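Visitor: I would like a close look at a single part of this structure, with its surroundings followed outward from there. One small point about another site can be settled beforehand.

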Amino acid sequence: MYECCNFRRFVRLLILDAVIFSLCAVFFLIGRSMIGSAEENAAKPVPLPVIMYHSVREGQPGQYSVTPEQLGDDLSWLAENGFTSVTAQELIGYTLGENELPERPVLITFDDGFYNNLSAALPLLEKYDMYAVVSVVGSYTEKLAAADPHSPAYSYLTWEDIAELAASGRVEIGDHTYDMHSLYNGRRGCGRVPGEDAEDYALALRADIGLMQTELHEHLGCAPVVFAYPFGEVSPESVPVLRELGFRMTLTCRERVNLITRAPDCLFGLSRFNRSGLYSTGEFMELLTKDLKNEE
Ligand SMILES: [Zn+2]
């Protein structure tokens with residue numbers, strides 16, 4: 001009788017052990033597959049289209065200007081199609097492993113620092129809950145904006161306007177050089193002239209872009225971390241100088257979708273699609289998202 005009870009107990013314990021072992025194995029396998037898919041997601045690059053706007057003004061649109069209505073239609077299209085506009089800081093944070101990115105991120109940028117970025121674009125960014133980087137040219141602000149300010153058609157942003165944009169919380173200010181936004185200054189934008197001595201080139205960049213960083217720091221209280229190459233003219237030798245000046249992201253004009261990883265270097269040389277006002281919103285978005293379908 002005693003032996004019989006012991007035997008039954010032994011069998012019960014054996015079954016219990018088998019159940020516990022099976023459960024552990026199941027949980028182990030589930031856990032491992034979850035970690036595996038999280039690692040897979042973390043390693044998968046995030047496709048990022050970047051839009052490059054310039055002027056936003058009434059009248060006939062051009063290759064570098066859209067009407068406020070076109071900009072409104074674009075932002076509405078992006079919102080309706082599940083895009084979330086991200087900031088440069090969010091992208092930098094992502095590469096450093098500090099935050100995640102939304103499902104369909106898009107970066108919105110405006111170049112050259114037109115006053116209408118404040119008067120026409122900012123209210124639309126607010127309406128559609130979106131963010132943008134506005135990259136300004138120092139000499140345009142200092143000379144042209146001061147001489148003829150606040151025309152929505154053609155004026156550039158004054159230093160006060162730039163500070164107002166930054167204070168809106170919707171706009172990050174980018175550096176578009178102090179006085180290298182020209183094709184007639186002996187070089188194309190801030191590109192290196194063929195045969196130019198590397199040290200001379202670095203000195204020229206440091207003088208001009210360094211001055212712009214100082215000016216912006218003076219007027220905003222902090223210096224930008226985004227640099228937009230004028231005319232998308234990129235010389236590889238500019239990269240170490242821009243890093244030295246504190247930039248964490250650079251913008252070009254090559255039109256293709258970017259792949260964002262956890263490596264901070266992937267933010268150097270981001271490609272952008274120029275939003276020509278000669279396209280309808282539908283036509284432009286077709287171009288912007290053409291390659292996206294392959295990457296998602
Ligand atoms: Zn420009």
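Does K44 count as buried or exposed? After that, please take strand β7 (residues 132-136) as the part to examine.

Guide: K44 counts as exposed, because it has 11 C-beta neighbours inside 10 Å and the limit for that class is 12 or fewer. K44 lies in the loop between α1 (2-43) and β1 (46-48). The C-alpha atoms of K44 and E296 are 10.0 Å apart, although 252 residues separate the two along the chain. Everything here refers to a predicted model.

Some context for the strand comes next. The protein chain contains ten helices and twelve strands, and 36% of its 296 residues count as buried. Among contacts with a separation of 6 or more, 67% are between residues 24 or more positions apart.

Now to β7 itself. Five of the five residues of this strand are buried, so β7 is mostly covered. In a regular strand the side chains alternate between the two faces of the sheet. In β7, A132, V134 and V136 point one way, V133 and S135 point the other way, and all of them are buried. Burial therefore applies to the residues pointing in either direction.

One neighbour of β7 is strand β6 (residues 105-112), which pairs with β7 in the parallel sense over four bridges. Within this pairing, T109 of β6 stands opposite V133. The connection between the two strands runs through helix α4 (residues 116-127), and β6, α4 and β7 together make a right-handed β-α-β unit.

Another neighbour is strand β8 (residues 171-175), which pairs with β7 in the parallel sense over five bridges. Two of the residue matches can be named: V134 has I173 as its bridge partner, and S135 has G174. Strand β8 is largely enclosed by the rest of the structure, because five of its five residues are buried. V171, I173 and D175 lie on one side of β8, E172 and G174 on the other, and all five are buried, so both faces are covered. The buried set in β8 thus includes D175 and E172.

The contacts of A132 tie these pieces together. Leaving aside neighbours within four places in sequence, A132 is in contact with I108, T109, F110, L125, R170 and V171. Of these, I108, T109 and F110 fall within the residue range of β6, L125 falls within that of α4, and V171 belongs to β8. A132 and V134 also appear, with I51, V226 and M249, among the residues with the most contacts inside the largest nonpolar core, which has 65 residues. The largest share of this core, five residues, comes from α4, the helix of the β-α-β unit.

Two further helices belong to the surroundings of β7. In α5 (138-147), the buried residues are G138, Y140, T141 and A145. These residues cover an arc of only 145 degrees around the axis, which puts them on the same side of α5. The buried residues of α5 pack against β6, β7, α6 and α7.

In helix α6 (residues 159-167), D161, I162 and L165 are buried. Their arc around the axis is only 100 degrees, so they sit on the same side of α6. The elements covering the buried residues of α6 include α4, β7, α5, β8 and α7 (198-220). β7 thus takes part in covering the buried residues of α6, and the buried residues of α5 pack against β7 as well.

The backbone around these elements has some positive phi values. G169, which follows α6, has a positive phi near 80 degrees. Most residues other than glycine have a negative phi, and most peptide bonds are trans. H150 is not glycine, yet its phi is positive, near 65 degrees. H150 is found in the loop between α5 and α6, and counts as partly exposed because it has 14 C-beta neighbours inside 10 Å. T177, also a residue other than glycine, has a positive phi near 80 degrees. T177 lies in the loop between β8 and α7, and is buried because 24 other C-beta atoms lie within 10 Å.

To return to the strand: β7 pairs in the parallel sense with β6 and with β8, and its five residues are buried.

Notes:
Residues are numbered from 1 along each chain as its sequence is written. This is a predicted model: local features need pLDDT of at least 70, side-chain atom pairs count only at pLDDT 80 or more; totals for chains, interfaces and linings use all residues. A residue is buried if 20 or more other C-beta atoms lie within 10 Å of its own, exposed if 12 or fewer, and partly exposed in between; C-beta atoms are placed from the backbone. Two strands pair if DSSP finds at least two bridges between them. A crossover is right-handed if, with the strands pointing away from the viewer, the path from the first strand over the helix to the second runs clockwise. Two residues are in contact if their C-beta atoms, placed from the backbone, lie within 7 Å. A nonpolar core is a set of buried Ala, Val, Leu, Ile, Met, Phe, Trp, Tyr and Cys residues joined through C-beta atoms within 7 Å. The arc is that of the directions from the helix axis to the C-beta atoms.
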